[in-house]
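Visitor: Please choose one part of this model and take me through it closely, giving me the cut-offs behind each term as you go.

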Amino acid sequence: MTGSGTPPPVGPVDATRIPRYAGDATFARLPRFDDVPDAEVLVWGVPFDTGVSYRPGARFGPGHVRQSSRLLRPYHPALDVEPFAVSQVADAGDAGINPFDLSAAITAVEDAARDLSGTRRRLITIGGDHTIALPLLRVQHERHGPIAVLHFDAHLDTWDTYFGAPYTHGTPFRRASEEGLIDLSHSTHVGIRGPLYSRLDLDESEKLGFTAVHARDLVRQPIDTVIDRVRGRLGDRPVYVSVDIDVLDPAHAPGTGTPEAGGLSSRELLEILRGLDGLNLVGADVVEVAPAYDHAEITGIAAAHITYDLLALLQGSHR
Ligand SMILES: N=C(N)NCCCC(=O)O
Ligand SMILES: [Zn+2]
Ligand SMILES: [Zn+2]
C-alpha cells in the first residue's frame, strides 16, 4: 500500500509517449524489479521445458507472453481496479534454470522463488512447463501452510510417473499432494477433458485432494453455477491459482505442447477468474505456452490477459 509520503508505484511505460511496439518487452511494459526500490507483486519468468511429455518449446513461453502483453492497459473495468497502481508491480525477469538436470532445475526454481518472495512479495510466474508448479507450491506452503489449489488444465497432472520419472509436467500435483503442500479439502481442477490413461485416474486425483469441474460441465451449467462450485470449494483459504494454458481450446490456445479438443474459450476462463474477486489469492502461475505452435500471438495474448486478470485479482484483494 502506498502511504502518505511514499511515492506512488512506478507504472508501465506511457503508451502515449513511447509506442507500444517500441522498447523492452517487460510484462505489460512494467518496470524491471531492479529499477524500482521494491515491489509487492512480481511477474517472473521461468523458461524451462525439460519436464514435457510431448511437444517441447515452453522454455520460450515467458518471452512470448511478455511480447504479447504490450497492449495491456492500466484499468481493469470488470474488476474495477488499476492493478499497477494499488502497489508496486514489477517484472523480475527470468530464472536461470539448468535445462539438463531436472532435479537441479526444480531446486533452483524453489530457491529463486523463495528469494524473490522474501517475507511478503507475491509472485505471478510465467512458465515454463507445468513441472514448475511443484517448487512454487513448496514456497507457498512455507508461508501459508496447506494451499487451496485452483488448477485450470485440460489434464489432471496427478499422474505418478512417466518412463519411471517422478518429476514431469504431468505429475506436479501428485508430488505436491504427497508432500503435504495441498489443502486436500479445498482444491479443485477446472477444465478437465480428453482421454485418460485409465478409469482410475479421476478417483486417484480425488484421493490426492482435487475435485474436478470438467470442461463438459461448462456446456451444461451456467458460468455462475461453475463459479459458485469453485468458490464453495476454495472457501476462505489461501488460494494458489495454476493456469495451464491448454485449459483453453486449441482454437484459443494453439501454442502449447499437449493440446486437447473441447476446451474453454478465453472468454469463459476470464469470466471464471473474474468470479473469484474477493478470494484470498496468494500467488499464481500461467504455464505451458509454447510459441513455436502459436499463430498471430493467439496463445500469447490469451496468456497475457490471464496474467493481467490474475494481477488484478491479487491487487484487488489488497486494496
Ligand atoms: N500439459 C501438462 N501439464 N500435462 C500433460 C501431460 C499429458 C500426458 O503426457 O499424458
Ligand atoms: Zn495441460
Ligand atoms: Zn498441466
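Guide: Happily! Helices (H or I, at least four residues) and strands (E, at least two) are DSSP runs numbered from the N terminus, and two strands pair if DSSP finds at least two bridges between them. The model is predicted, so local features need pLDDT of at least 70 and side-chain atom pairs 80 or more, while totals for chains, interfaces and linings use all residues. Residues count from 1 along each chain as written, with chains lettered from A and ligands numbered from 1 in written order.

Let's look at the sheet. It is an open one, made of 8 strands whose pairing is parallel, and its order is S2-S1-S3-S8-S7-S4-S5-S6. At the edges stand S2 (89-94) and S6 (210-214); each has a single partner strand, so one side of each lacks a neighbour in the sheet. From one strand to the next, the twist averages 15° (axes are lines fitted to C-alpha atoms, for helices over the stretch in contact, with angles from 0 to 180 degrees between N-to-C directions).

We can start with S1 (residues 41-46), which is joined to S3 (residues 122-127) by 6 bridges, the two strands running parallel. Within this pair, Val46 stands opposite Gly127 in S3. Gly127 deserves a second look, since the peptide bond from Gly127 to Gly128 is cis, with omega near 10°. Most peptide bonds are trans. As for Gly128, its place is in the loop between S3 and helix H4 (133-144).

From S3 we step across to S8 (281-287), a parallel neighbour attached through 3 bridges. Here Ile124 has Ala284 in S8 as its bridge partner. S8 is mostly covered: 7 of its 7 residues are buried (20 or more other C-beta atoms within 10 Å of a residue's own; exposed means 12 or fewer, partly exposed in between, with C-beta atoms placed from the backbone). S8 is also joined to S7 (239-244), again in parallel, by 6 bridges, and Val243 finds its partner in Val286 of S8. To get from S7 to S8, the chain passes through helix H9 (residues 266-274), and this β-α-β crossover is right-handed (with the strands pointing away from the viewer, the path from the first strand over the helix to the second runs clockwise).

Helix H9 holds Arg274, a residue that counts as partly exposed because it has 17 C-beta neighbours inside 10 Å. Leaving aside residues up to four places away in sequence, Arg274 touches Ala78, Leu79 and Asp309 (contact means backbone-placed C-beta atoms within 7 Å). Its C-alpha atom is separated by 7.6 Å from that of Leu313, although the two residues are 39 apart along the chain.

Leu313 falls within the residue range of helix H10 (298-316), which lies across S1, S2, S3, S7 and S8 and runs at about 175° to S8. In the loop between S8 and H10 you will find Ala296. Phi of Ala296 is near 50°, a positive value in a residue other than glycine. Most residues other than glycine have a negative phi. Ala296 counts as exposed because it has 9 C-beta neighbours inside 10 Å.

Asp80 makes a nice companion case, again with a positive phi near 50° in a residue other than glycine. Asp80 sits in the loop between helix H1 (61-67) and helix H2 (83-86), and with 11 other C-beta atoms within 10 Å it is exposed.

Now for the other end of the sheet. S4 and S5 pair in the parallel sense over 3 bridges, with Phe152 opposite Val190 in S5. S4, helix H5 (residues 172-178) and S5 together form a right-handed β-α-β unit. The chain then crosses from S5 through helix H6 (residues 201-207) to S6, once more in a right-handed crossover. S5 and S6 run parallel and share 5 bridges; His189, for instance, stands opposite Ala212 in S6. All of the 6 residues of S5 are buried, so this strand is largely enclosed by the rest of the structure.

Helix H8 (residues 223-234) lies across S4 (148-152), S5 (187-192), S6 and S7, running at about 170° to S6. Finally, the loop between H4 and S4 contains Gly145, which counts as exposed with 12 C-beta neighbours inside 10 Å. The C-alpha atoms of Gly145 and Gly180 are 8.9 Å apart, with their positions 35 residues apart along the chain.

How values were computed
Two residues are in contact if their C-beta atoms, placed from the backbone, lie within 7 Å.
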